Amino acid sequence: AAMGIAYLRVRHTKDALDESERRYRAVVEDQTELICRFRPDGTLVFVNDAFCRFFSRDAAELIGTRFISTTDKAEQRKVRDHLMSLTRIRPVGSMTSRVETNNSGQRWIRWNDRAIFDENGNVREYLAVGTDMTEVMIAEEKLQKYHENLEELVHTRTRELEDTNTVLKQEITDRTHAENMLAAEKERLAVTLRSIGDGVITPAIRGRVLMLN
């Protein structure tokens, strides 16, 4: 009887776990985000449909493999360092990484990662939820280039205005100098005329007097 009760308890527990697993999968599979779980060595233990569609792979191809989404060593090192930074005190973190796909080429994914620990404090596996941020990254890159071009345009225009201002200043200086020379020449001419004993008159063509002593 005792064995029967123990068996029923085990069976009940297993059924509850199976039901929980089915509910979990139903929720996860309905998500549009890329969801996966993997061991510390990178071996995948779960992927949802969105993950498979994104990388154009079947779940059977991925589960049990050490799937690497990029061949870029720097990106791999960045991901590894990010995962190593997750601790029991801070088990959750986010990062954006560049991945490679068969159909769409390189894409940018924003990953929200959680480290899951065992009773001894060791990482049992990681849960990663990814969102495709490629369009956002492209828009930000275009905006950055626009700002850079705008800054360059403003710099060029400012330099042109400064050059124009320098030319205008020189023209004003030259004009002032010429006016001063003309005034000095008029003054010398007036002194000369006043020193002449004979009468001197300078008429215009129509008879208007321009100068006389």
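**A five-stranded sheet and its surroundings**

In this predicted model, Arg 37 has Phe 46 of β2 as its bridge partner. That pair is a handy way into the fold. Strand β1 covers residues 34–38, and β1 and β2 run antiparallel to each other, joined over 3 bridges.

Zooming out, these two strands belong to an open sheet of 5 strands, laid out in the order β2-β1-β5-β4-β3 with antiparallel pairing. At the edges sit β2 (44–47) and β3, each of which pairs on one side only. From one strand to the next, the sheet twists by 25° on average. As a rule of thumb for looking at any such sheet, side chains in a regular strand alternate between its two faces.

Over at the β3 end, strand β3 (residues 92–101) and strand β4 (residues 105–117) pair in the antiparallel sense too, over 10 bridges. Just 3 residues separate β3 from β4, and the two make a hairpin. Within this pairing, Val 92 sits opposite Arg 114 of β4. The sheet also has a helix for company: α4 (residues 73–84) lies across β1, β3, β4 and β5, and its direction makes an angle of about 160° with β3.

Back at the other side, the loop between β1 and β2 is where Thr 43 turns up. Being in a loop doesn't leave Thr 43 out in the open: with a relative accessible area of 7%, it is buried, because the cut-off for that label is under 20%. The side chain of Thr 43 makes a polar contact, at 3.0 Å, with the side chain of Asp 41. Looking past neighbours within four places in sequence, Thr 43 touches Arg 37, Phe 38, Gly 64, Thr 65 and Arg 66. So Arg 37 comes up twice: as a contact of Thr 43, and as the bridge partner of Phe 46.

Another loop, the one between β4 and β5, holds Gly 121. At 23% relative accessibility, Gly 121 is partly exposed, because that label covers values between 20% and 50%. The chain brings Gly 121 and Arg 88 to a C-alpha separation of 7.2 Å, although they are 33 residues apart in sequence.

What about the cysteines? Cys 36 is buried, because its relative accessibility of 4% is under the 20% cut-off. Cys 52 gets the label buried as well, with a relative accessible area of 9%. The number of disulfides in the model comes to 0.

For the protein as a whole, the tally is 5 helices and 7 strands. Read from the N terminus, these elements follow the pattern α-β-β-α-α-α-β-β-β-α-β-β. Of the 213 residues, 21% count as buried. Among contacts between residues at least 6 apart in sequence, 34% link residues at least 24 apart.

How far can the picture be trusted? The mean pLDDT is 82, and 77% of the residues reach 70 or more. Confidence is highest in strand β5 (residues 123–132), with a mean of 95, and lowest in helix α1 (residues 2–29), with a mean of 60. Predicted coordinates shouldn't be read in detail where pLDDT is low.

How values were computed: Residues numbered from 1 in each chain as written. Predicted model: local features only at pLDDT ≥ 70, side-chain atom pairs only at ≥ 80, totals over all residues. Heavy atoms only, no water. pLDDT = per-residue confidence, 0-100. Helix = DSSP H or I, 4+ residues; strand = E, 2+ residues; numbered from the N terminus. Pairing = 2+ DSSP bridges. Axes fitted to C-alpha atoms, helices over the stretch in contact; angles between N-to-C directions. Contact = heavy atoms within 4.5 Å. Disulfide = S-S within 2.5 Å. Buried < 20%, exposed > 50% of the residue type's maximum accessible area, 1.4 Å probe, protein only. Polar contact = N/O pair within 3.5 Å; in protein donor to acceptor, adjacent residues only side chain to side chain.
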